[in-house]
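Me: I'm new to reading protein structures, and I'd like to look closely at one part of this one. Could you walk me through it slowly?

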Amino acid sequence: MSYEVLLHPDADDFLRGLDDKSERIVRDNLGKLAENPYPGSGKGDKEKLVIDGDERYRMHISREYTAFYDVYEDRNEVRVTEILPIDEAHKRYGF
């Protein structure tokens, strides 16, 4: 099964603000979510979290960034809602 990876406008804006190399690395890693967005399978450092009572997923990218995303099985979609520098993600969410 293949998933369509969609970016929230804020996540897309964050990516466009990166230098070319960093943007390419992040986009390449987000592309791995199309194969399998779930932790424990496929490529990437992924984890399922509970944030404010909601199940969310996160992917660490290059030890520099963290992407947060939701999976919509009924639509075969992965929606990347937020991308943050890894330190900021840890401060904000405590992970």
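Which residues in the largest nonpolar core touch the most other members?

Reply: Happy to help! Keep in mind that this is a predicted model. The largest nonpolar core has 17 residues, and those that touch the most other members are Val26, Leu30, Leu33, Ile61, Tyr69, Val80 and Ile83. Two or more residues come from each of helix 1 (9–16), helix 2 (20–31), strand 3 (54–61), strand 4 and strand 5 (77–85). Strand 4 contributes the most, with four residues.

Now pick out Val26. Setting aside neighbours within four places in sequence, Val26 is in contact with Leu15, Leu18, Ile61, Tyr65 and Ile83. There is also a second, separate core of five residues, among them Ile51, Phe68, Leu84 and Ala89.

Val26 also belongs to the meeting of two helices: Asp12, Leu15 and Arg16 in helix 1 meet Glu23, Val26, Arg27 and Leu30 in helix 2. Sorted by class, this contact has three nonpolar, no polar and four charged residues. The axes of helix 1 and helix 2 come within 9 Å and cross at roughly 140 degrees, so the two helices are oblique to each other.

Finally, find Thr66 in strand 4 (residues 65–72). Thr66 has a relative accessible area of 1%, so it is buried. The side chain of Thr66 makes a polar contact with the side chain of His60, at 3.0 Å. Not counting residues up to four places away in sequence, Thr66 touches several residues, including Arg58, Met59, Glu82, Ile83 and Leu84.

Note on methods
Residues are numbered from 1 along each chain as its sequence is written. This is a predicted model: local features need pLDDT of at least 70, side-chain atom pairs count only at pLDDT 80 or more; totals for chains, interfaces and linings use all residues. Side-chain values use heavy atoms; hydrogens and water are left out. Buried means under 20% relative accessible area, exposed over 50%, partly exposed in between (1.4 Å probe, protein chains only). A polar contact is a pair of N or O atoms within 3.5 Å; within protein, one must be able to donate a hydrogen and the other to accept it, and residues adjacent in sequence count only if both atoms are side-chain atoms. Contact means heavy atoms within 4.5 Å. A nonpolar core is a set of buried Ala, Val, Leu, Ile, Met, Phe, Trp, Tyr and Cys residues joined through side-chain atoms within 4.5 Å. Axes are lines fitted to C-alpha atoms, for helices over the stretch in contact, and angles run from 0 to 180 degrees between N-to-C directions. Angles under 35 degrees count as roughly parallel, over 145 as roughly antiparallel, 65 to 115 as roughly perpendicular and the rest as oblique. Ala, Val, Leu, Ile, Met, Phe, Trp, Tyr, Cys and Pro count as nonpolar, Asp, Glu, Lys and Arg as charged, and the others, Gly among them, as polar.
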